[in-house]
Amino acid sequence: MERAEKQEFIGFLQEVFKASGVVVVAHYSGLTVAQMQKLRKQMKQAGATVKVAKNRLAKIALDGTDVASIAPLLKGPTLIAYSSDPVAAPKVAVDFAKGNDKFVILGGAMGKTSLDTDGVKALATLPSLDELRAKLVGLIQAPATKVAQVVTAPAAKLARVFEAYAKRDEAA
């Protein structure tokens, strides 16, 4: 890499670290190209991204960011998974690690909070942002439908009473 390319990449990583809701660091030594492509595809589907960066450049990019606590994890063949949704990247990383023993999660950071391996796994068990939104919409809609049923119920009863009187008058 040329010096200008390195500076550009460091700037890119700084923006990533500032904008990300969560960053996960993992060792990927021994994974095949097909496995890495599968990981990238799964991350992309979940709204997350995977980057393999030189540790030295990543450490430079970490200076002055909230996730600077991950710097000690950047040793050896590491990759960085990140997403704006605090659950997306950890969930995919943990699921991928279950099927690939050569993929080892080292830790991560969520904002200024440093995460160890167990912290990343705990984040992975939480529902995603989309799931939470769906539950919230469901909770909001449920009372609205009940209110609509209660409001229309007296009118329906009144209509049945009028219908009964009309039928009685027709029969007489």
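This briefing walks through the fold, the overall dimensions, the nonpolar cores and one buried alanine of the protein chain. The model is a predicted one, so please read every value below as computed from it. The protein chain holds 6 helices and 5 strands, and its radius of gyration is 27 Å, where a compact globule of 172 residues would be near 16 Å.

**Fold and layout**
- Reading from the N terminus, the elements follow the order α-β-α-β-α-β-α-β-β-α-α.
- Contacts reach far along the sequence: 79% of those between residues at least 6 apart join residues at least 24 apart.

**Dimensions, surface and charge**
- Taken along the principal axes, the C-alpha atoms fill a box of roughly 100 × 35 × 30 Å.
- Of the 172 residues, 31% count as buried.
- The accessible surface is about 10700 Å², and carbon and sulfur atoms account for 58% of that area.
- There are 24 positive and 16 negative side chains in the protein chain, and the centres of these two sets are 4 Å apart.

**Nonpolar cores**
- The largest nonpolar core has 22 residues, and the members touching the most others are V24, L39, M43, L79, A89, F103 and I105.
- Two or more residues of this core come from each of strand 1 (22-27), helix 2 (33-46), strand 2, strand 3 (78-83), helix 4 (88-99) and helix 5 (117-125).
- Helix 4 gives the largest share of this core, with 5 residues.
- V24 is a good place to start looking: setting aside residues up to four places away in sequence, V24 touches L79, I80, A81, A89, P90, A93, I105, G107, G108 and V120.
- There is also a second, separate core of 18 residues, with I10, V25, L62 and V67 among them.

**A closer look at A48**
- A48 belongs to strand 2, which covers residues 48-51.
- A48 counts as buried because its relative accessibility is 6%, and the cut-off for buried is under 20%.
- Beyond its neighbours within four places in sequence, A48 is in contact with M43, Y82, S83 and A89.
- Two of these partners, M43 and A89, also appear in the list of core residues that touch the most other members.
- K91 sits 43 residues from A48 in sequence, yet the two C-alpha atoms are 10.0 Å apart in space.

How values were computed
Residues numbered from 1 in each chain as written. Predicted model: local features only at pLDDT ≥ 70, side-chain atom pairs only at ≥ 80, totals over all residues. Heavy atoms only, no water. Helix = DSSP H or I, 4+ residues; strand = E, 2+ residues; numbered from the N terminus. Rg over C-alpha atoms; globule rule 2.2 N^0.38 Å. Buried < 20%, exposed > 50% of the residue type's maximum accessible area, 1.4 Å probe, protein only. Contact = heavy atoms within 4.5 Å. Areas by Shrake-Rupley, 256 points an atom, 1.4 Å probe, with all protein chains shown as cover. Lys, Arg positive; Asp, Glu negative; His and termini not counted. Charge placed at Lys NZ, Arg CZ, Asp CG, Glu CD. Core = buried A, V, L, I, M, F, W, Y, C linked by side-chain atoms within 4.5 Å.
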